Amino acid sequence: MEKNLEFPDLLRLIDERSTAFRAVVAAAPGLDAQVPTCPGWTLFDLVKHLGGGDRFWAAIVGAGPADAPPAEAVAARAALEVPQEREALLAWLDASTQLLLGALHAAGPESGCWTWWPASQSPQTAGGTARHRVQETAVHTYDAQLAGGSPQPLPLPAELALDGVEEFLFTVCATPSAWPHKPTAFDFHAAEGRSWRLTVDGDGARVTRVPAPTAATGEDSDAAGASVHGTASELVLYLYDRIQADSLRVDGDARLLDLLRAWEPEEK
């Protein structure tokens, strides 16, 4: 069984992806470029969102265990003002990332903190926060590449993307809220050799790792209602609604994926 990324790896990847994001912004034709995958947003808006998020989560991690985010952090995010000039904006974003990394490093992976996913399979810890911020930064780097006019955005790094599929399923999909349709399961198969099953029924949604299908056996005999196949990078981008299912191979009833996408659990 493959291990999840270790805490130092998560901090390294946050730094690496933020650096890649800043490089894309620095090379873009202008900060007013539209972000196709974030309708209504410009590249400037995307920078403000990512940097503001880094500062917000730095304050949350620094506050320790809590039932809600610090009021000061909420107010600061609502009133956030950032530099308008590109060079100063990039320096502000770099400082934002360093604040987050500093807070995470000081807290350590097991330190508790508020998160918006209390009912999921992800822990409410600095480690869980770092794992999620890696994916936020990676996906927004992809967004920035599109806004910057890249005809073919680079795929997410494999180590990041493999962890990202599981992180999304654990954090966003897992819930004790009852599935309002006939019980079923969704399998996600990464070409790199890792697979996950999301089971949904009256007890909610839960995620487990499952053996990857082989050329000899194909799908498991206990077939899922729908199975999605792609590279780990493609699966992450699909889960974050950056690419559509028709960009991937789907076995089984593809209509079930529409039900999953439309589902809004009552408790998260």
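# Exercises on a predicted protein model

Buried residues make up 52% of the 268 residues in the protein. The model is a predicted one, and the exercises below move from the whole chain to single residues.

## Exercise 1. The overall fold

Task: State how many helices and strands the protein has, and in which order the elements run.

Solution. Step one is the count: the secondary structure consists of eight helices and five strands. Step two is the order, read from the N terminus: α-α-α-α-α-α-β-β-β-β-α-β-α. Step three concerns the overall form. The radius of gyration is 19 Å, close to the 18 Å that the globule rule gives for 268 residues, so the protein is as compact as a globular protein of that length. Along the principal axes, the C-alpha atoms fill a box of roughly 55 × 45 × 30 Å.

## Exercise 2. Contacts, surface and charge

Task: Determine what share of the contacts between residues at least 6 apart in sequence joins residues at least 24 apart, and describe the surface and the charges.

Solution. Begin with the contacts: of those between residues at least 6 apart in sequence, 68% join residues at least 24 apart. Turn next to the surface, where the protein exposes about 12200 Å², with 55% supplied by carbon and sulfur atoms. Finally, consider the charges. There are 20 positive and 37 negative charges, and their mean positions are 1 Å apart.

## Exercise 3. A salt bridge within one helix

Task: Explain why arginine 12 and aspartate 9 are separated by about one helical turn, and classify both residues as buried, partly exposed or exposed.

Solution. First, establish the pair: arginine 12 forms a salt bridge with aspartate 9, and their closest N and O atoms are 3.5 Å apart. Second, locate both residues in helix α1 (residues 7-27); because they are three residues apart in that helix, about one helical turn separates them. Third, compare accessibility with the limits of 20% and 50%, between which a residue is partly exposed. Arginine 12 has 31% relative accessibility and therefore counts as partly exposed. Aspartate 9, with a relative accessible area of 24%, is partly exposed as well.

## Exercise 4. A salt bridge between two helices

Task: Identify the helices that hold aspartate 163 and arginine 131, and decide whether the two residues are buried or exposed.

Solution. Aspartate 163 and arginine 131 form a salt bridge in which the closest N and O atoms are 2.9 Å apart. This pair links distant parts of the chain, since aspartate 163 belongs to helix α6 (residues 158-173) and arginine 131 to helix α5 (residues 126-147), 32 residues apart. As for accessibility, both aspartate 163 and arginine 131 are buried.

## Exercise 5. A further bridge and a network

Task: Describe the salt bridge of aspartate 253 with arginine 255, then name the residues that shared partners join into one network.

Solution. The side chains of aspartate 253 and arginine 255 meet at 3.0 Å, N to O. Aspartate 253 is partly exposed at 26% relative accessibility, while arginine 255 counts as exposed at 62%. Elsewhere, salt bridges that share partners join Asp9, Arg12, Glu16 and Glu159 into one network. In total, the protein has 14 salt bridges.

## Exercise 6. Two loop residues

Task: Place aspartate 241 and proline 211 between their neighbouring elements.

Solution. Aspartate 241 lies in the loop between α7 (232-239) and β5 (249-252). Its phi is near 65°, a positive value in a residue other than glycine. With a relative accessible area of 43%, aspartate 241 is partly exposed. Proline 211 lies in the loop between β3 (204-210) and β4 (226-230), and its relative accessible area of 58% makes it exposed. Proline 211 and histidine 189 are 22 residues apart in sequence, and their C-alpha atoms are 9.3 Å apart.

## Exercise 7. Two helix residues

Task: Find which residues alanine 58 and alanine 161 touch, not counting residues up to four places away in sequence.

Solution. Alanine 58 lies in helix α2 (residues 43-63) and is buried, with a relative accessible area of 12%. With residues up to four places away in sequence left out, alanine 58 touches Leu99, Leu100 and Ala103. Alanine 161 is found in helix α6 and counts as buried at 0% relative accessibility. Under the matching exclusion of residues up to four places away, alanine 161 touches Leu156, Ala232, Ser233 and Val236.

Definitions and conventions:
Residues numbered from 1 in each chain as written. Predicted model: local features only at pLDDT ≥ 70, side-chain atom pairs only at ≥ 80, totals over all residues. Heavy atoms only, no water. Helix = DSSP H or I, 4+ residues; strand = E, 2+ residues; numbered from the N terminus. Rg over C-alpha atoms; globule rule 2.2 N^0.38 Å. Buried < 20%, exposed > 50% of the residue type's maximum accessible area, 1.4 Å probe, protein only. Contact = heavy atoms within 4.5 Å. Areas by Shrake-Rupley, 256 points an atom, 1.4 Å probe, with all protein chains shown as cover. Lys, Arg positive; Asp, Glu negative; His and termini not counted. Charge placed at Lys NZ, Arg CZ, Asp CG, Glu CD. Salt bridge = Lys/Arg side-chain N within 4 Å of Asp/Glu carboxyl O.
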